[in-house]
Amino acid sequence: MPDASPKIDLPRREIRQLDDAAINRIAAGEVVERPASAIKELIENAIDAGASQIDIAYAAGGKSVIRVADNGAGIPAEELPLALSRHATSKIDGSDLLNITTFGFRGEALASLGAVGRLSLTSRGAGRDGAFRIRVHDGVMSGVEPAALSAGTIVELTDLFHTTPARLRFLRSDRAEAQAIGDVVRRLAMAEPAVGFSLRDITDGGAGRTILKLSRETGDFFDALTGRLRRILGAEFTENAVPIDARRDDFGVTGLVALPTYSRGSAVAQYLFVNGRPVRDKLLIGAVRGAYADFLSRDRHPAVMLNIDCPPELVDVNVHPAKSEVRFRDPASVRGMIVSAIRHTLAGAGHRSSSTVSRAALGAIRPMDTTRVYQMDRPPARNGFSETPAGFGTDFGDISARVEPDETDAQTPAQDAPLGAARAQLHENYIIAQTRDGLVIVDQHAAHERLVYERLKAQQADKGVAAQALLIPEIVSLSGTDAAMILEAAETLARCGLEIEPFGGDAVAVRATPAILGEVNAEHMVRDVLDELKDQNTTTTVMAGIEAVLSRIACHGSVRSGRRMQAEEMNALLREMEATPHSGQCNHGRPTYVELKLTDIERLFGRT
Ligand code: ADP
Ligand code: MG
């Protein structure tokens, strides 16, 4: 049994005031967790100083050397000692902690860094004749001495954590720490496209190895942002993302949001900022998830870069020593604004689906890749592509519908439409359409499902989904809890066009189903809707709940799948897709069509 008696036998110790070095070391524990967090503080200082170029170097993952040089406003000689003191800042006067427009304001970073490493600060105040340097070794400050520097500030930190060996032991390998430094620099650079950045690993001496070089981006806001994100996240992201630019009341949201079909298996590609400050905020992450919920299955995650800007008094950035968490005054309205901004933006992308889809498809069928395809790293079978690695050279003997050339000849305007003119239907599910410069393959089942879903949503928002009464109500027997659950949702389901009533015992009667679905298996629909209700958790909003139910219901209306279609019908489907937002992906975030450009096809056959 553990001893629960008070520890009276401990000798009492007198209360003592900690000395500055100890205070700084304790504060440093919160501000500077690892080399990357030191670098973050130094870069933020450089940005606050108005720098347009920031050069960063490190050795041994930042454990032995960290150096950050900038061309900002600098610090005049007489202020150098203050810069290294705790609670000394030029950024606020202390009277208004809610009006913070800079990254810094706690006046802690440099003092903390000086407490956990050997720090040298060299700077030339703007308009001053010369530069000066000050050093802190083991918490003891040197005098100010002249130094050589043409402009800006250089902070160099060596032997990080040598005074706190316990913390040193907590650091990961040099490689892991270097990785974390790279991440921090990239994240900060995303929000500052007008600032040039370079990052070098100088472990082996000399000029070192360049890890990252980002020149200043010019042009208008979105040009600069897109340019910067292309260099950091890659062209694949920027090609498959749409600019977002929305404003409601005091809040603005800008950035790039990826098409749902460019989704990821985890939330790694979500870069969120508040007034340019990188944050990891549950509210924002939840809002992004909510905005995409209608397009992605639960295990897929959207890729986004979003900056929320607002007047500083509406967000508290002072809730975390490293300032990576924030608190909004009115979280619900911030959330609502982000969700609707993203949804509007994605609706504006119309039927577009991710170009990576066709690239993946090409990768799977490209002849020179066949070894890879045949052996291990075979992409998941999707749309049947990976089953036919030899390409389109297979015989088209099983074409199930062919459109005669005179029906839609090459001159028809349909060919100029984004999804082209239908030419054939294969395997009773894939529509092949010819576009100006390539071909499109539509998964008729997936496309139809999404179109039905979008129509259901439109009806629901308008007057409620039109229901069609069954001639004879369908009786479905369920378990007691299931019956209770679905009857409890009866009102919501009625808005979705599904009318059910109690039918004694554990049975329910289905009286009507959504009219646009035509004839459906009512029992299957009820069981599917039940599954959906069980999946929903208590925090799901009514609207999200309705959409999820509609999405399930839409699966039952895919009357056109597995069915031969005539040219007219196929073309009508293509035109409806073009006119319907979000039709580029099915209800689970998979693509509804793949586009191959002629140039891709030529490459496939080694023609170019
Ligand atoms: P804070 O950023 O919270 O003010 P710091 O300890 O990071 O606290 O910096 C203290 C002060 O030193 C800043 O307020 C600023 O005036 C000055 N300073 C720090 N780094 C730089 C820099 N790179 N360029 C110009 N001034 C700087
Ligand atoms: Mg600072």
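How far is an oxygen atom of ligand 1 from an N or O atom in the side chain of T89? The separation is 2.5 Å, which puts the pair inside the cut-off for a polar contact (a pair of N or O atoms within 3.5 Å; within protein, one must be able to donate a hydrogen and the other to accept it, and residues adjacent in sequence count only if both atoms are side-chain atoms).

Before going further, some ground rules. This is a predicted model, where local features need pLDDT of at least 70 and side-chain atom pairs count only at pLDDT 80 or more, while totals for chains, interfaces and linings use all residues. Residues are numbered from 1 along each chain as its sequence is written, chains are lettered from A and ligands numbered from 1 in the order in which they are written, and side-chain values use heavy atoms, with hydrogens and water left out.

## Around ligand 1

Besides T89, the side chain of N45 has an N or O atom 2.8 Å from an oxygen atom of ligand 1. A109 takes part through its backbone, with an N or O atom 3.3 Å from a ligand oxygen. On its own, ligand 1 has 530 Å² of accessible area, and the protein covers 93% of that; areas here come from the Shrake-Rupley method with a 1.4 Å probe, and for residues only the protein chains shown count as cover.

The shell has 18 residues, and T89, S90, K91, F105 and G107 come nearest. To be counted as near, a residue needs a heavy atom within 4 Å of the molecule. By type, the shell splits into 7 nonpolar, 7 polar and 4 charged residues. In that scheme Ala, Val, Leu, Ile, Met, Phe, Trp, Tyr, Cys and Pro are nonpolar, Asp, Glu, Lys and Arg are charged, and the others, Gly among them, are polar.

## The chain as a whole

The protein chain comes to 19 helices and 24 strands, taken as DSSP runs (helices H or I, at least four residues; strands E, at least two) and numbered from the N terminus. Of its 608 residues, 48% count as buried; that means under 20% relative accessible area, with exposed over 50% and partly exposed in between (1.4 Å probe, protein chains only). The chain exposes about 29500 Å², and carbon and sulfur atoms supply 51% of it. Take the contacts (heavy atoms within 4.5 Å) between residues at least 6 apart in sequence: 68% of them join residues at least 24 apart.

## Two helices

Start with α6, residues 174–190. Its 17 residues reach 24 Å from first C-alpha to last, close to the 24 Å expected at 1.5 Å a residue; the expected span is 1.5 Å times one less than the number of residues. Because 12 of the 17 residues are buried, α6 is largely enclosed by the rest of the structure. Among those buried residues are E177 and R187, along with I181, V184, V185 and L188.

Helix α10 covers residues 331–348, and its end C-alpha atoms are 26 Å apart, in agreement with the 26 Å its 18 residues should span. Its buried residues are V334, M337, I338, V339, A341, I342, T345 and L346. They pack against β10, β11, α9, β14 and β16. After α10 comes G350, with a positive phi near 55°.

## A few single residues

Positive phi also turns up outside glycine: D159 has a value near 50°, and E428 likewise has phi near 50°. D159 sits in the loop between β7 and α5, while E428 is in the loop between β18 and β19.

Here is how some single residues come out for accessibility:

| Residue | Relative accessible area | Class |
|---|---|---|
| S551 | 13% | buried |
| E217 | 18% | buried |
| E428 | 28% | partly exposed |
| D159 | 31% | partly exposed |
| A466 | 38% | partly exposed |

E217 lies in the loop between β9 and α7. Its C-alpha is 5.4 Å from that of P193, although the two are 24 residues apart along the chain. Leaving out residues up to four places away in sequence, E217 touches P193, A194, A224, G227, R228 and R231.

S551 belongs to helix α17. Beyond its neighbours within four places in sequence, S551 is in contact with Y453 and N587.

A466 is in the loop between α13 and β21. With residues up to four places away set aside, A466 touches Q459, T513, P514 and A515. The C-alpha atoms of A466 and C496 are 8.1 Å apart, with the two positions 30 residues apart in sequence numbering.
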